[in-house]
Amino acid sequence: MTMRTSGRTEHEASAGHADSATINSLEQVRDILCGAQLRELARRLSHTDAQVAAQAEELRIEARRRLDVLEAHVCREIEALSASIEAQRTSSAGALGNVARESREALGLLDQRVQRLEDLVARTLRELRQQLLDQSKSFLDETRRTRSELAAMLERELAAMWTDSDDAAAPDTPAREGAPESERYQKTERRSDEAA
């Protein structure tokens, strides 16, 4: 059994030598047939690789440069936009402050006008009440005076009528008999004045 194993190993080793010799001879044939073309191809591939690497580096540098330019532009635009927003905010705050101040001033003026109007209304009402009171007093005085005049005139007319009727009825009777009627009328007049 050991012999068989060692024999197999030797056979495999010799087969391996034969394979490697075949491979070597194939490579030699390949080198003879295509060696120059393969070397030229390898040289071209190496040159192409170098060009691709150089172009890739250039593209990377150009992309980085463009990104830097774009970043700088975006930063400038953001700063300009921030400055514009800040200016607008400041302007709006100033305008709002002006509006608030003007509103306070307008409210103050309106307050003063309302106060003046209230004072004017109160003064006008006082004057109107005073005028009404004066006119009422004047009217009452005029009414009393007119009533007194009417009462005096009525008394004179009644006295004249009594005198005429007494003279016509009895010439010897004193003219004083119409006096009680006149006194009665004056008492009635006083009562109506007191009631007024």
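**Notes on the salt bridges and a nonpolar patch**

1. A good place to start is the pair Asp68 and Arg64, whose side chains form a salt bridge with an N to O distance of 3.6 Å. Both residues sit in helix α1, four residues apart, or about one turn of the helix. Asp68 is partly exposed, at 35% relative accessibility. Please keep in mind that this is a predicted model.

2. On overall confidence, the mean pLDDT of the protein is 80, with 75% of its residues at 70 or more. Residues 173-178 are a stretch to treat with care: their pLDDT is below 50, and the stretch has five contacts in the model beyond near neighbours in sequence. Where pLDDT is low, the predicted coordinates should not be read in detail.

3. Back to the charged pairs: the structure holds ten salt bridges. One of them joins Arg89 and Glu86 at 2.7 Å, N to O. These two lie three residues apart in helix α1, about one turn, and Glu86 is partly exposed at 39% relative accessibility.

4. Glu105 and Arg101 make another salt bridge, with their closest N and O atoms 3.8 Å apart. Because they are four residues apart in helix α1, about one helical turn separates them. Glu105 is partly exposed at 45% relative accessibility, and Arg101 is partly exposed at 38%. Elsewhere, Glu40, Arg43 and Arg44 are joined into one network by salt bridges that share partners.

5. Finally, do look at the nonpolar surface patch of about 520 Å², made by Leu117, Leu120, Val121, Leu125, Leu128 and Leu132. Leu120 belongs to helix α1, which covers residues 2-169, and is partly exposed with a relative accessible area of 40%.

Notes. Residues are numbered from 1 along each chain as its sequence is written. Side-chain values use heavy atoms; hydrogens and water are left out. pLDDT is the predictor's confidence in each residue, from 0 to 100. Contact means heavy atoms within 4.5 Å. Patches are made of residues with over 30% relative accessible area and no salt bridge: like charges are joined within 9 Å, nonpolar side chains (Val, Leu, Ile, Met, Phe, Trp, Tyr) within 5 Å. Accessible areas come from the Shrake-Rupley method with a 1.4 Å probe; for residues, only the protein chains shown count as cover. A salt bridge is a side-chain nitrogen of Lys or Arg within 4 Å of a carboxyl oxygen of Asp or Glu. Buried means under 20% relative accessible area, exposed over 50%, partly exposed in between (1.4 Å probe, protein chains only).
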